[in-house]
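Q: Got a minute to go through this one with me? I'll put it up here.
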Amino acid sequence: MIRPVTNICCVGAGYVGGPTAAIMAYQNPHLRVTVVDNNEQRIRRWNSEHLPIYEPGLGDIVRIARDGSRQFQFTNKPIDQHQQSTSLGQNFLQHDEQVTVPARSPNLFFSTQVGECIREADIVLIAVNTPSRTKGVGAGSATNMSSFNGVARVVAQHARPGAIIVEKSTVPCMTSKSVKRILALYRPGIHFEILSNPEFLAAGSAMKDLMYPERVLIGSELTPTGRLASAALASVYAAWVPPSRIITVDIFSSELVKLVANSMLAQRVSSINSVSALCEKVGADIDAVASILGADSRIGDKFLKAGIGFGGSCFKKDLLGMIYLAETVHLPEVAEYWRQVIVMNEFQRDRFVRRVVACFDNCLASLKITLLGYAFKANTSDTRETPALGIIKMLLHEDPVEIAIFDPCCNPEVVKAEIKALIQDEPALKEDGGPIVVYSDAYDACAGSDAVLITTDFDEFRSTPKEGEPTAESADPRPFPPHLHGPTETEILSLHKYLLSVPSSADKIDDPLGRYLPEPACESNCPDCGLIKTSGYSTAGNTDENRPKIPLDWQRIVVDMNPPKLLFDGKGIIDAEEMSELGFQVERIGH
Ligand SMILES: NC(=O)c1ccc[n+]([C@@H]2O[C@H](COP(=O)([O-])OP(=O)(O)OC[C@H]3O[C@@H](n4cnc5c(N)ncnc54)[C@H](O)[C@@H]3O)[C@@H](O)[C@H]2O)c1
Ligand SMILES: O=c1ccn([C@@H]2O[C@H](COP(=O)(O)OP(=O)(O)O[C@H]3O[C@H](CO)[C@@H](O)[C@H](O)[C@H]3O)[C@@H](O)[C@H]2O)c(=O)[nH]1
């Protein structure tokens with residue numbers, strides 16, 4: 001029997017578990033949502049003002065769902081109309097234009113009490129890490145399921161009969177079969193429904209992806225109880241996702257499609273990167289080629305940006321998961337096909353470094369090379385599988401006198417610790433006798449440099465501001481249509497975002513609607529407060545998302561560089577002509 005959903009437990013408080021649970025709680029104030037993790041430090045951070053990960057918009061959601069909110073009022077009239085009516089000296093506001101939103105209680109909790117919270121849940125989401133195996137059977141390609149299976153065993157021991165168990169992590173196809181086996185082993189005779197509900201959010205846009213998903217996928221057994229379980233999970237999403245975007249399917253298809261989606265996205269990046277190599281040989285222009293390709297609606301214009309190759313925690317491991325699956329079901333040609341996507345990715349990154357080295361007649365000795373960007377993509381401090389690290393490793397072999405790194409989002413201390421942990425076969429950091437210096441200022445990082453390499457597509461590095469697509473924030477979302485229960489949480493959030501972007505509400509800084517309650521206070525010896533005091537950064541990086549993104553002053557950079565003042569754009573974000581006029585020798589991928 002499937003119970004009505006009142007309590008959700010999400011195991012894994014990482015990049016997926018934290019934001020997903022936060023949105024579920026935010027959009028369903030009547031549900032109790034608890035995120036559990038065995039990493040005490042992570043949970044302490046989620047319960048404080050120092051969130052462990054940086055995602056634009058995450059703080060706004062956590063503050064309401066975790067801390068609750070005050071009752072507040074707003075005028076259901078766009079600012080222009082409101083201003084017009086008051087400037088005419090008349091108050092045109094009608095009674096029904098004043099909207100009162102009642103206070104809400106906290107319904108998002110973070111805890112280390114894994115078993116206890118699982119026991120109370122109607123739905124248990126498993127959102128733990130599933131990296132590639134580094135040893136044992138399938139090392140190098142199979143998925144390391146130790147965390148996932150470990151949690152499945154804990155769930156099996158504690159879940160209440162009838163609880164719905166959801167694979168939120170990206171898992172190999174047919175994992176639901178082994179979860180079933182684990183459940184049967186620990187709780188023989190008790191029926192649990194297992195669902196697959198893969199996550200498609202991308203780093204840097206996670207909150208937008210979760211708020212406005214293109215699709216929510218739910219895989220279940222196609223039995224009556226399987227369908228009931230699927231409907232129960234769908235009811236949680238239905239609080240904010242239109243029904244047409246909630247897709248239900250059989251469970252193996254759902255598990256497989258997540259791997260295929262990432263593999264196909266990665267394949268597109270490798271395809272355009274292979275074309276960029278051709279462009280460089282024949283003298284064609286990759287930007288023109290990509291834009292013409294993108295104008296064909298059958299091809300589409302997304303994911304056609306050539307660069308230094310894809311990074312991030314998902315693409316490579318999910319491709320490897322596809323490859324391993326194909327090998328285990330004896331389809332070596334299929335495995336080889338997908339393996340080429342990874343081969344091309346590595347070729348592209350290596351090619352980039354070789355071209356830098358060639359610009360200096362194959363000798364970097366006595367030179368200073370600067371990398372702008374360490375995170376694997378813009379708007380994140382996530383550095384997992386970042387292409388920058390592979391570039392640094394290759395540059396180390398060329399013995400430059402300094403490899404300088406600057407990233408506008410990552411905490412320099414965290415970058416240093418990571419480099420120390422990941423590069424062990426030779427001295428890397430300056431303090432260990434190596435050439436790497438991590439800076440907290442872009443101009444210091446570039447001063448006296450012979451070559452500046454753009455390795456992450458941060459807006460701050462663009463020579464001309466990115467053409468803004470109209471965002472949800474750029475227009476006043478009011479008036480909201482009348483709803484029986486007042487404005488929806490999505491509407492309130494869009495108003496909050498809009499008001500943040502309006503200069504007149506700047507005095508209210510992060511809370512233009514006046515709905516926030518105080519955040520939990522830190523202990524006097526809070527290590528994260530200490531880190532901010534000493535370095536200006538939190539562990540999750542430069543997390544003040546409302547800080548203005550000040551574009552780099554490239555003129556200031558060029559005067560402080562050594563000839564040939566090489567600027568190598570690895571992400572296709574600068575205007576080459578403009579930069580050449582400033583005095584840079586410009587090199588670009590695909591040109
Ligand atoms: N990061 C992304 O952008 C993204 C997007 C879509 C899907 N995914 C998938 O989601 C899953 C989670 O990824 P992530 O990036 O959130 O990982 P993560 O490493 O950020 O978080 C995983 C969390 O699980 C916790 N954990 C591990 N074992 C545990 C256990 N036995 N008990 C309790 N907690 C445990 C860890 O402490 C960690 O906090 C992966 O399968 C990944 O492939 C990730
Ligand atoms: O045209 C492009 C697009 C992307 N990239 C690179 O590809 C990588 C991945 O980018 P992106 O997909 O935007 O970020 P991820 O956070 O890795 O998100 C992917 O991986 C997640 C984890 O599974 C999925 O949920 C998302 O749907 C999927 O987009 C980054 O290094 C990008 O710089 C390019 O080089 N060119």
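Q: How do the residues of the shell around ligand 2 divide into nonpolar, polar and charged?
A: Twelve are nonpolar, five polar and three charged. Here Ala, Val, Leu, Ile, Met, Phe, Trp, Tyr, Cys and Pro count as nonpolar, Asp, Glu, Lys and Arg as charged, and the others, Gly among them, as polar. This is a predicted model, where local features need pLDDT of at least 70 and side-chain atom pairs 80 or more, while totals for chains, interfaces and linings use all residues. Residues are numbered from 1 along each chain as its sequence is written, with chains lettered from A and ligands numbered from 1 in the order written.

Q: Which residues are closest to ligand 2?
A: Ala202, Lys305, Phe310, Gly312 and Cys314, out of 20 around the ligand (C-beta, placed from the backbone, within 6 Å of it).

Q: Switching to helices: how do H12 and H13 cross?
A: Their axes come within 7 Å and cross at roughly 165° (lines fitted to C-alpha atoms over the stretch in contact, angles running from 0 to 180 degrees between N-to-C directions). Helices are DSSP runs of H or I, at least four residues, and strands are E runs of at least two, numbered from the N terminus.

Q: And what about H14, buried or exposed?
A: Seven of its ten residues are buried, so H14 is largely enclosed by the rest of the structure. Buried means 20 or more other C-beta atoms within 10 Å of a residue's own, exposed 12 or fewer, and partly exposed in between, with C-beta atoms placed from the backbone.

Q: Which ones are buried?
A: Pro387, Ala388, Leu389, Gly390, Ile391, Ile392 and Leu395.
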